[in-house]
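Opening the notebook on a new chain today. I want to know how the pieces are arranged and what packs against what.

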Amino acid sequence: MADQQRDVIEVLTHDHREVERMFAELDALRGATGETERRRRKDLVDQVTIELVRHSVAEEAEVYPAVKDKVSAEEAERAKHEHAEAEKTMKRLESLDPDDASFDAELATLMQEIREHVAEEEGQMFPHMRQVFSRQELVELGAKVESVKKIAPTRPHPSAPDEPPGDKLLGPVAGLFDRLRDAVSRRGTER
Ligand SMILES: [Fe+2]
């Protein structure tokens with residue numbers, strides 16, 4: 001596969017660009033009132049959420065432990081804390097409809113949290129990782145991250161057009177984080 005030789009920094013940076021692309025589209029659709037745009041915004045939020053869940057869990061499982069050991073415990077801790085904050089925002093956001101008064105504010109919060117996180121990783125953590133890890137180690141970490149991302153579903157929940165929005169209150173995002181974290185830790189003990 002063409003992706004096999006990408007190192008972990010290339011993999012994660014690619015994810016960041018993907019998320020930013022979705023954020024830019026969400027920004028462009030802000031204030032749009034048409035039904036198609038409204039649906040597109042909700043879809044984009046779902047997509048960005050699933051991408052962020054996969055990215056965050058993979059970073060937490062494979063990248064931050066390595067960063068903690070070899071680069072900086074403080075940088076790893078800060079990144080984990082930022083993920084936890086963004087996770088809370090995603091959980092609040094998922095029960096909201098684009099028509100809800102707080103949708104735009106929660107989305108703006110998520111964007112700001114993720115943009116700061118991306119700036120810190122790309123500005124500090126990744127350059128530090130390049131100084132400390134060999135190319136080979138970074139490629140191996142990249143493969144581990146890809147394999148965690150593969151066990152995650154591609155959508156947060158199957159689209160169920162007949163269900164009223166109220167049916168989502170149980171929180172698929174929370175379940176998604178839990179299921180993926182469980183799968184990652186089970187995989188770890190089976191080795
Ligand atoms: Fe990241």
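My entries follow, from the overall layout down to single residues.

**Ground rules.** I'm working from a predicted model, where local features need pLDDT of at least 70 and side-chain atom pairs count only at pLDDT 80 or more, while totals for chains, interfaces and linings use all residues. I number residues from 1 along each chain as its sequence is written.

**Layout.** I looked up the secondary structure first and got six helices and zero strands. I take helices (H or I, at least four residues) and strands (E, at least two) as DSSP runs, numbered from the N terminus. Read from the N terminus, the order is α-α-α-α-α-α.

How much of the chain is buried? I get 30% of the 191 residues. My cut-offs: buried is 20 or more other C-beta atoms within 10 Å of the residue's own, exposed is 12 or fewer, partly exposed is in between, and C-beta atoms are placed from the backbone.

I then checked contacts, meaning two residues whose C-beta atoms, placed from the backbone, lie within 7 Å. Of the contacts between residues at least 6 apart in sequence, 79% join residues at least 24 apart.

**H1.** I checked the length of H1 against its ends. Its 21 residues should span 30 Å at 1.5 Å a residue, and the end C-alpha atoms are 30 Å apart, so the two agree. For the expected span I use 1.5 Å times one less than the number of residues.

Next I listed the buried residues of H1: Val 8, Ile 9, Val 11, Leu 12, Asp 15, Val 19 and Leu 26. They cover an arc of only 160° around the axis, so they sit on the same side of H1. The arc is taken over the directions from the helix axis to the C-beta atoms. On the other side of H1, I find His 14, Arg 17, Arg 21, Ala 24 and Ala 28 exposed. What do the buried residues of H1 pack against? I noted H2, helix H4 (103-132) and H5.

I picked Val 11, in helix H1 (residues 8-28), for a closer look. Val 11 counts as buried because 22 other C-beta atoms lie within 10 Å. Skipping residues up to four places away in sequence, I see Val 11 touching Arg 6, Gly 142, Val 145 and Glu 146. I also put a distance on Val 11 and Ala 143: they are 132 residues apart along the chain, with 9.0 Å between their C-alpha atoms.

**H2 with H5.** The axes of helix H2 (residues 35-70) and helix H5 (residues 135-151) come within 8 Å and cross at roughly 150°. My axes are lines fitted to C-alpha atoms, for helices over the stretch in contact, and angles run from 0 to 180 degrees between N-to-C directions. The crossing of H2 and H5 is right-handed. I call a crossing left-handed if the near helix is turned anticlockwise from the far one by less than a right angle, and right-handed if clockwise.

From H2 the contact uses Arg 54, Val 57, Ala 58, Ala 61, Glu 62, Val 63 and Ala 66, and from H5 it uses Leu 141, Lys 144, Val 145, Val 148 and Lys 149. By class I get eight nonpolar, no polar and four charged residues. Here Ala, Val, Leu, Ile, Met, Phe, Trp, Tyr, Cys and Pro are nonpolar, Asp, Glu, Lys and Arg are charged, and the others, Gly among them, are polar.

**H2 with H4.** These two pack at an angle of about 30°, with axes 12 Å apart, and the crossing is left-handed. I listed Val 45, Leu 52, Val 67 and Lys 70 from H2, against Leu 107, Ile 114, Met 125, Met 129 and Val 132 from H4. The class split is eight nonpolar, no polar and one charged.

**H3.** On H3, I noted these residues as buried: Ala 76, Ala 79, His 83, Ala 86, Thr 89, Met 90, Leu 93 and Glu 94. Their arc is only 145° around the axis, so they share the same side of H3. The face turned away from that buried side carries the exposed residues Ala 73, Glu 74, His 81 and Ala 84.

Ala 76 is buried because it has 21 C-beta neighbours inside 10 Å. Neighbours within four places in sequence aside, Ala 76 contacts Tyr 64, Val 67 and Lys 68.

**Last stop.** Is Asp 97 buried or exposed? Asp 97, in the loop between H3 and H4, is exposed, with 11 other C-beta atoms within 10 Å.
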